[in-house]
Protein chains: 2
Amino acid sequence: MAKDTRLRMIETTARLLQHRGYHGTSLNDILQESGAPRGSLYFHFPGGKDQLVIEATRAAVDEATEALREALVNAKTPAQGVRAYAETAADIMRETDYTFGCPVAPVILDATAGLTELADLCRQALEDWSELLRKSFVEAGIPKRRADALALLVISSIEGALVITRAYRDCRSLTTTAAELEAAVAAALPQQRVT
Amino acid sequence: MAKDTRLRMIETTARLLQHRGYHGTSLNDILQESGAPRGSLYFHFPGGKDQLVIEATRAAVDEATEALREALVNAKTPAQGVRAYAETAADIMRETDYTFGCPVAPVILDATAGLTELADLCRQALEDWSELLRKSFVEAGIPKRRADALALLVISSIEGALVITRAYRDCRSLTTTAAELEAAVAAALPQQRVT
DNA sequence: ATAAAAATATGACGATCATCATATTATATA
DNA sequence: TATATAATATGATGATCGTCATATTTTTAT
């Protein structure tokens with residue numbers, strides 16, 4: 001039961017961060033939503049809010065990274081993998097009534113100056129996702145240069161589509177982007193055209 | 001000198017909003033950075049912070065819309081127009097030391113629930129930008145369906161690239177995306193291949 | 001069973017938040 | 001110049017922010 005409270009706090013923090021950003025998420029919100037006892041906060045997280053935010057972001061990032069990896073592994077082609085990941089994101093958005101999204105974007109845009117560890121974490125997440133895509137593309141026979149640019153395009157447009165999906169409360173932007181990305185990646189593949 | 005204070009407050013607010021989001025921007029910050037007198041705030045903006053935020057966002061959105069329109073008008077092809085706009089955005093990012101970006105993304109991700117007027121404003125902005133692109137694409141001979149999807153892809157990926165550019169403090173993501181988008185739009189054009 | 005440690009409870013701290021009432025100064029109109 | 005209105009000054013409001021010291025309860029180890 002010890003780690004239970006701690007874990008619940010992290011999960012709640014991750015959820016609120018994605019919904020309202022760093023400045024929009026207060027410790028009171030976290031305590032209330034997680035039902036965690038007030039006195040436990042600085043016991044489990046002596047570093048206060050910043051430590052909690054960092055751990056929550058790291059957890060959410062790891063989850064997203066794993067989902068992307070699985071989507072790429074389970075797909076026949078990287079093009080289909082990209083699309084599958086985007087569709088999964090769309091499902092989550094619908095399920096959560098458009099309150100979630102990317103774990104790093106809200107934190108980045110909240111400009112938590114001074115929190116270099118958090119900034120590094122976000123940058124590293126983007127780097128990891130990019131690397132996963134790049135590797136998948138190269139393995140499918142796409143030239144390195146091209147794979148590089150494509151990976152960036154994929155991450156950028158999914159990131160942006162998540163924002164737009166939030167604004168519209170509608171997944172059309174995400175699914176349309178997913179289809180476009182699938183086509184773009186497929187067009188870069190060397191052989192084996194789909195009938 | 002009357003409207004001067006008011007205008008300066010709006011500009012400062014727009015700047016801070018893009019940098020730190022809704023919750024991260026306090027009235028004290030705005031007053032300090034704009035040098036505006038404390039007593040003037042609720043005189044010029046009886047609606048308080050919300051009114052100020054809405055007006056600032058509207059101003060920033062209008063500016064971005066105008067920039068996009070001009071980029072599309074001045075370009076030979078919509079493909080070049082898209083790229084030109086993205087390059088302009090990259091210039092601004094560099095000039096402002098990566099503190100700015102899209103006027104609506106930070107507000108959207110801050111989930112200012114209840115502020116329906118602000119949410120509507122952001123949605124309308126995305127709609128306007130999409131419409132500008134769509135029209136430009138259709139006029140260049142791209143089929144309506146295709147123009148629709150392309151416009152969404154362009155906005156999504158620029159939006160996302162701006163976030164990533166902020167994280168990296170480097171415009172590579174934005175310029176690479178710009179090149180990819182130019183190619184994607186160019187490929188959809190019916191005739192007249194560039195030598 | 002007892003001591004030690006881990007976890008939670010309680011409540012207060014100063015700082016800052018958005019808001020606003022009231023007073024004073026500047027500007028325009030007559 | 002007299003007067004009305006616009007603009008700024010000042011300071012207080014209650015609420016909430018993150019933080020933390022201290023006390024109590026629960027769990028673990030002996």
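Start by selecting DNA strand C and whatever protein lies around it: you should pick up 16 residues, with A:P37, A:F43, B:L27, B:N28 and B:Y42 the closest. Keep in mind as you click around that this is a predicted model.

**Stop 1: the surface near the DNA**

Color that selection by residue class. The surface near DNA strand C splits into 8 polar, 5 nonpolar and 3 charged residues. Now switch on the secondary structure. On chain A, α1 (2-24) and α3 (41-44) each give at least two residues to this surface, and on chain B, α2 (27-34) and α4 (48-74) do likewise.

Next, flip the view and look from the side of the DNA. Which part of DNA strand C do the atoms within 4 Å of the protein belong to, sugar or phosphate, or bases? Sugar or phosphate accounts for 69% of them, and bases make up the rest.

**Stop 2: three phosphate contacts from chain B**

Zoom in on B:S26. A polar atom of the B:S26 side chain sits 3.1 Å from a phosphate oxygen of DNA strand C. Step along to B:L27, and show the backbone this time: one of its polar backbone atoms is 2.8 Å from a phosphate oxygen of the strand. B:L27 is also among the closest residues you picked at the start. Then jump to B:K49, where you again want the backbone, since a backbone N or O atom of B:K49 lies 3.0 Å from a phosphate oxygen of DNA strand C.

**Stop 3: where the two α8 helices meet**

Hide the DNA and select residues 144-168 in both chains, which gives you helix α8 of chain A and helix α8 of chain B. Their axes are 6 Å apart and the packing angle is about 100°, which makes α8(A) roughly perpendicular to α8(B). For sticks, try L153, I155, S156, S157, E159, G160, A161 and I164 in each chain: the A residues in α8(A) meet the B residues in α8(B). By class, this contact has 8 nonpolar, 6 polar and 2 charged residues.

**Stop 4: α7 against α8 in chain A**

Stay on α8(A) and add helix α7 of chain A, residues 116-139. The two axes come within 8 Å and cross at roughly 130°, so α7(A) and α8(A) are oblique to each other. The crossing is right-handed. From α7(A), display A:L126, A:W129, A:S130, A:L133, A:R134, A:F137 and A:V138; their partners on α8(A) include A:K144, A:A147, A:D148, A:L150 and A:V154. A:I155 and A:E159 take part here too, and both were also in the contact with α8(B). The class count for α7(A) with α8(A) is 10 nonpolar, 1 polar and 4 charged.

Methods
Residues are numbered from 1 along each chain as its sequence is written. Chains are lettered from A and ligands numbered from 1 in the order in which they are written. This is a predicted model: local features need pLDDT of at least 70, side-chain atom pairs count only at pLDDT 80 or more; totals for chains, interfaces and linings use all residues. Side-chain values use heavy atoms; hydrogens and water are left out. A residue is near a molecule or strand if one of its heavy atoms lies within 4 Å of it. A polar contact is a pair of N or O atoms within 3.5 Å; within protein, one must be able to donate a hydrogen and the other to accept it, and residues adjacent in sequence count only if both atoms are side-chain atoms. Helices (H or I, at least four residues) and strands (E, at least two) are DSSP runs, numbered from the N terminus. Ala, Val, Leu, Ile, Met, Phe, Trp, Tyr, Cys and Pro count as nonpolar, Asp, Glu, Lys and Arg as charged, and the others, Gly among them, as polar. Axes are lines fitted to C-alpha atoms, for helices over the stretch in contact, and angles run from 0 to 180 degrees between N-to-C directions. Angles under 35 degrees count as roughly parallel, over 145 as roughly antiparallel, 65 to 115 as roughly perpendicular and the rest as oblique. Contact means heavy atoms within 4.5 Å. A crossing is left-handed if the near helix is turned anticlockwise from the far one by less than a right angle, and right-handed if clockwise.
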